[in-house]
Amino acid sequence: MTSLQLSAKEEMVEKFLDAAARGDLSQVSALLTRVPSLLNQTGYSGWTALMLAARNGHYHVVEGLLSHGCDKFLVNSSSQTAYDVSKFWGHRHVSNLLSRTDEGCQRVLPGTDLSPQENYFSCEPLDRLSAKRTDKVWLEDRQSAPDTVYLLFSSLSPMVSSSQEEDGGAAAETKLCRFTYEAVKDLIQKPSAVLIFLGVERRKNRSSSSSSQEPPAWFAISSDEDAAELLKRCREKSCSFPKTPNRDLLNLNEEDAGVVAQARSVLAWHSRYSFCPTCGSSTRLEEGGHKRSCLNSDCSSLRGVHNTCYPRVDPVVIMLVIHPDGNHCLLGRKKIFPAGMFSCLAGFVEPGETMEEAVRREVEEESGVKVGPVQYVSCQPWPMPSNLMIGCLAVAISTDIKVDENEIEEARWFPRQQVIDSLFRGARPAFTVPPRQTIAHQLIRHWIHMNSNL
Ligand SMILES: NC(=O)C1=CN([C@@H]2O[C@H](COP(=O)(O)OP(=O)(O)OC[C@H]3O[C@@H](n4cnc5c(N)ncnc54)[C@H](O)[C@@H]3O)[C@@H](O)[C@H]2O)C=CC1
Ligand SMILES: [Mg+2]
Ligand SMILES: [Mg+2]
Ligand SMILES: [Mg+2]
Ligand SMILES: [Zn+2]
């Protein structure tokens with residue numbers, strides 16, 4: 001392609017984007033009829049036509065672009081979708097249009113913003129088929145099927161392969177290494193191995209007529225064989241078992257992260273509950289690795305249903321506390337945080353406590369601030385080892401800060417503008433927010449978007 005042709009093409013893209021930004025629906029439609037490939041193009045700014053129309057509140061252009069089938073989940077360099085942009089600039093009619101995912105659901109829950117909250121570790125690419133966990137014959141059959149996928153874990157880390165940037169920079173992408181039955185069957189047979197049935201792949205195209213064949217099943221195996229020996233099984237050179245899961249497991253794609261959220265939590269439970277918590281006897285793995293039953297026939301855990309036999313989940317509340325003036329939020333830092341980073345306060349829910357009370361107690365314990373209303377926003381599985389992070393917004397009813405120095409090094413009220421600078425502009429922010437994969441980041445973002453039209 002000559003430079004002349006290239007610039008003509010670029011000119012066409014800019015013309016199209018300009019029409020969308022100005023709200024000129026007839027020009028947008030005319031250009032799309034001539035050049036349909038313009039639909040999801042980005043210009044110099046990195047914004048699509050949908051983002052620009054959403055930025056300026058042009059409802060009919062947004063509607064027109066959606067009817068042409070444009071991709072509403074594309075993001076700009078600040079990781080904002082068109083929906084985020086319209087919410088930020090207060091164009092509620094446009095954000096409602098962009099968030100409409102299922103008209104039927106909105107009739108049942110009127111007024112609810114049903115745009116999916118996409119927290120990292122929350123994606124469910126597998127159908128867990130929990131009813132099949134007790135079907136030993138089916139499980140054994142799936143174990144040895146040629147299309148079955150195995151993930152290999154060592155010390156609670158999955159084997160991954162990382163592609164490096166060409167200039168030797170940071171790891172660009174981390175992928176789970178997948179193995180066949182033939183490649184790992186010797187490991188499965190070892191008595192120390194722990195095997196977990198994770199589920200079967202969800203069919204992408206449900207109407208597909210080739211559905212008589214079962215979709216591939218996925219298993220996780222934890223092995224105590226030497227990690228260096230295990231790595232020799234992988235053909236890719238760049239494979240490893242990450243050493244710092246809190247950091248390294250955040251570079252997976254969303255689907256792999258969703259699978260790891262389940263596998264790592266269940267394996268962590270096995271590694272911590274080797275013996276029966278009720279009587280201390282040995283236990284046996286059952287139900288595709290989702291249950292441990294006591295081998296002592298007199299044990300009371302064998303009578304009735306006992307939660308000690310099933311993988312545990314620890315609920316944790318995590319909250320963004322908003323100042324009574326509506327314009328500041330409370331963030332704190334632990335000593336272990338990277339320099340300059342502040343995050344939402346968080347704490348384990350205690351027995352016999354509601355989520356709202358846990359929010360009020362933890363905030364007061366850690367910062368001395370009293371909290372009134374609490375509102376649930378979204379949640380996130382956090383497999384270090386098995387937390388469910390329950391994300392809330394909360395409104396403060398007192399503002400003096402007195403930190404619990406055992407847990408928090410510093411807590412401060414941050415003005416909205418400083419938070420916006422940290423999230424989006426980042427030239428010289430007063431502080432840094434946690435990475436986008438954390439629900440803490442998403443809660444802070446949610447508050448900024450929610451209030452952008454005040
Ligand atoms: N995904 C995210 O955005 C974030 C995730 N987290 C996670 O939330 C967890 C809880 O937050 P913290 O502020 O540390 O809680 P916290 O404020 O309740 O304090 C932790 C202390 O509580 C005690 N504790 C009570 N129940 C516990 C349990 N079930 N397991 C372990 N310790 C327990 C221990 O003494 C521990 O040192 C962290 O471990 C961290 O992994 C925390 C902040 C952000
Ligand atoms: Mg805490
Ligand atoms: Mg605490
Ligand atoms: Mg606590
Ligand atoms: Zn027992």
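Helices (H or I, at least four residues) and strands (E, at least two) are DSSP runs, numbered from the N terminus. This is a predicted model, in which local features need pLDDT of at least 70 and side-chain atom pairs count only at pLDDT 80 or more, while totals for chains, interfaces and linings use all residues. Residues are numbered from 1 along each chain as its sequence is written, chains are lettered from A and ligands numbered from 1 in the order in which they are written, and side-chain values use heavy atoms, with hydrogens and water left out.

**Backbone features in loops**

Glu287 is placed in the loop between β9 (283-286) and β10 (291-294), and its phi is positive, about 50 degrees, although the residue is not a glycine. For relative accessible area, buried means under 20%, exposed over 50% and partly exposed in between (1.4 Å probe, protein chains only). Glu287, at 23% relative accessibility, therefore counts as partly exposed. Leu156, also not a glycine, has a positive phi of about 70 degrees and belongs to the loop between β2 (149-154) and β3 (157-158). With a relative accessibility of 16%, Leu156 counts as buried.

A cis peptide bond, with omega near 0 degrees, runs from Met384 to Pro385, and Pro385 lies in the loop between β14 and β15.

**The surroundings of ligand 1**

Which residues come nearest to ligand 1? Of the 17 residues around ligand 1, these are Lys334, Ala346, Phe348, Glu366 and Glu407, where a residue is near a molecule or strand if one of its heavy atoms lies within 4 Å of it. The shell around ligand 1 is made up, by class, of eight nonpolar, four polar and five charged residues; here Ala, Val, Leu, Ile, Met, Phe, Trp, Tyr, Cys and Pro count as nonpolar, Asp, Glu, Lys and Arg as charged, and the others, Gly among them, as polar.

The table lists polar contacts of ligand 1, a polar contact being a pair of N or O atoms within 3.5 Å; within protein, one must be able to donate a hydrogen and the other to accept it, and residues adjacent in sequence count only if both atoms are side-chain atoms.

| Ligand atom | Protein partner | Distance |
|---|---|---|
| Oxygen of ligand 1 | Ala346, polar backbone atom | 2.9 Å |
| Oxygen of ligand 1 | Trp382, N or O atom in the side chain | 3.4 Å |
| Oxygen of ligand 1 | Ile439, polar backbone atom | 3.4 Å |

On its own, ligand 1 has 840 Å² of accessible area, of which the protein covers 59%; accessible areas come from the Shrake-Rupley method with a 1.4 Å probe, and for residues only the protein chains shown count as cover. Two or more residues of the shell are given by each of β11 (314-322), β13 (345-348), α13 (355-367), β14 (371-382), β15 (387-396) and α15 (439-450).

Helix α13 also holds Glu365, which is partly exposed, with a relative accessible area of 41%. From C-alpha to C-alpha, Glu365 and Lys136 are 49 Å apart in space and 229 residues apart in sequence.

Gln437 is found in the loop between α14 (416-425) and α15, where the residue is buried, with a relative accessible area of 9%. Its side chain reaches the backbone oxygen of Leu250 at 2.9 Å.

**Cysteines**

How many disulfides does the model have? With a disulfide taken as a pair of cysteine sulfur atoms within 2.5 Å, the count comes to zero. For Cys392, the closest cysteine sulfur is that of Cys379, and because the two sulfurs are 9.9 Å apart, they are too far for a bond. Cys392 is buried, at a relative accessible area of 0%, whereas Cys279 is partly exposed, at 35%.

**The annotated repeat and other positions**

An unreviewed UniProt entry carries the annotation "repeat: ANK" for residues 45-77; UniProt positions are given in the numbering used here, feature names are shortened, and annotations may be inferred rather than shown by experiment. Over residues 45-77 the chain is 48% helix and 0% strand, with the end C-alpha atoms 9 Å apart.

Pro36 is found in the loop between α2 (25-34) and α3 (49-55) and, at 56% relative accessibility, counts as exposed. Pro36 and Gly289 are separated by 253 residues in sequence and by 50 Å in space, C-alpha to C-alpha. Ala228, in helix α10 (residues 227-231), counts as partly exposed at 46% relative accessibility, and Ala228 and Phe241, 13 residues apart in sequence, are 9.3 Å apart in space, C-alpha to C-alpha.
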